[in-house]
Amino acid sequence: METKIKSAVIDPSIKKKHKLEAKAVKVYYDGFTAIKGIDMNIKANKVTAFIGPSGCGKSTFLRLFNRMNDYVDGFRMEGEILIDGENIYKKKVNVEQLRKQVGMVFQKPNPFPKSIFENVAYGLKIQGINDKKYLLERVEESLKQVALWDEVKDNLNKSALALSGGQQQRLCIARTLAVEPSIILMDEPTSALDPLSTAKIEELIYQLKNQYTIVIVTHNMQQAGRVSDYTAFFYMGELIEYDSSKKLFTNPEKKQTENYITGRFG
Ligand SMILES: Nc1ncnc2c1ncn2[C@@H]1O[C@H](COP(=O)(O)OP(=O)(O)O)[C@@H](O)[C@H]1O
Ligand SMILES: [Mg+2]
């Protein structure tokens, strides 16, 4: 059976542009206020970096965009998160569908204890897609996008767990891309990786931004400077400054931003 899913990779004329917005967002974990009222517009088809000291709310804020906090005990949110103008916390929103559109890559590579092929095909298979030819095509494309294809093409049936950490993280990104999201959230995707693997992921992020809206949390300010178009500096649950990365790193408006980027705290 031929599947109807169109691929933006196969057909680059399919332009995907999706913007994210936060309106008066507050997040509580029980009595603790983790996000203290943030308004933000995140631009489509750009890379936006979230920086700030540990515990300032970067992950919490990032996870709002695919509702990954929903199951956290004590989590409560006020305000609105909109994707293309649609409030994703409305009752009628299909969260499964949302997470397909808004993919996520975590700090530690988390491949399933399955073959390389099965890892990448996983998201398609759970959607009920079983067309072998199509699956192989998508797996190949996704692995090519993350520059892993040449390294694994002769070993697609090998366990993903046998790959190096850097390869595993690229595999996890391929797994995310295979279901063709339009937005990719990355929470410190290179913090567990060696410099060479980190460079490969950074190169990859750069390549992907034409097709995807990417938000990346990073501890590493050099990384934010290298990969992102825009940078947002968070401090204690507040968005202190948000600007083009060039401006923020060379001529920040706020003293707190300057102190942070010059390494005076954090
Ligand atoms: N599941 C949770 N339960 C209670 N508090 C949490 C939970 N997750 C995060 N927090 C708290 O919320 C604040 C922001 O955390 P987080 O978003 O992880 O920050 P960051 O990613 O910037 O390090 C921290 O004070 C943290 O301790
Ligand atoms: Mg975090």
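## A tour from the helices to the sheets

Start by selecting α3 and α4: F117, V120, A121 and L124 in α3 meet L135, R138, V139, S142 and L143 in α4. Sorted by class, the residues of this contact are 7 nonpolar, 1 polar and 1 charged. Keep in mind as you go that this is a predicted model.

Now show the two helices as cartoons. Helix α4 covers residues 132-145, and its axis comes within 9 Å of that of α3, the two crossing at roughly 115°. At that angle, α3 counts as roughly perpendicular to α4. If you turn the view to look through the pair, the crossing you see is right-handed.

**Next stop: α3 against α6**

Keep α3 (residues 116-126) on screen and add α6; these two pack at an angle of about 30°, and their axes are 7 Å apart. That angle makes α3 roughly parallel to α6. Here too, α3 makes a right-handed crossing as it passes its partner α6. To see the contact itself, select I116, N119, V120, A121, Y122, G123 and L124 on α3, together with L171, A174, R175 and A178 on α6. Colour this selection by class and you will find 8 nonpolar, 2 polar and 1 charged residues.

**On to the six-stranded sheet**

Now bring up the open sheet of 6 strands, which runs in the order β6-β7-β8-β3-β9-β10 with mixed pairing. Select residues 102-105 for β6 and 238-244 for β10 to mark the edges, where each strand pairs on one side only. Looking across the sheet, neighbouring strands are turned against each other by 15° on average, direction ignored. Helix α6, from the previous stop, belongs in this view as well: residues 165-178 pack on the sheet and touch β6 and β7 (183-187), with the helix direction at about 170° to that of β6.

For a closer look inside the sheet, pick β3 (residues 47-51) and β8 (residues 213-217), which run parallel and are joined by 4 bridges. One pair to label is F50 and its bridge partner in β8, V217.

**The four-stranded sheet**

Move to the other sheet on this tour, an open one of 4 strands in the order β2-β1-β4-β5, with antiparallel pairing. Its edges are β2 (32-42) and β5 (86-87); each has a single partner strand, so one side of each is left without a neighbour in the sheet.

Zoom in on β1 (residues 20-29) and β2 first: 8 bridges join these antiparallel strands. Label V27 and you will find I35 of β2 opposite. The hairpin of β1 and β2 has 2 residues between the strands, and D30 there takes a positive phi near 50°.

At the opposite edge, select β4 (residues 75-83) with β5, an antiparallel pair with 2 bridges. L82 has N87 in β5 as its bridge partner.

**Last stop: ligand 1**

Finish by centring on ligand 1. Which of the 13 residues around ligand 1 come nearest? Select Y29, A34, K58, S59 and T60 to see them. Two elements, β2 and α1 (58-63), each supply at least two residues of the shell, and α1 gives the most, with 3. Coloured by class, the shell around ligand 1 shows 5 nonpolar, 7 polar and 1 charged residues.

Note on methods: Residues numbered from 1 in each chain as written. Chains lettered and ligands numbered in written order. Predicted model: local features only at pLDDT ≥ 70, side-chain atom pairs only at ≥ 80, totals over all residues. Pairing = 2+ DSSP bridges. Near = placed C-beta within 6 Å. Nonpolar A, V, L, I, M, F, W, Y, C, P; charged D, E, K, R; others polar. Axes fitted to C-alpha atoms, helices over the stretch in contact; angles between N-to-C directions. Contact = placed C-beta atoms within 7 Å. Parallel < 35°, antiparallel > 145°, perpendicular 65-115°, else oblique. Left-handed = near helix turned anticlockwise from the far one by under 90°.
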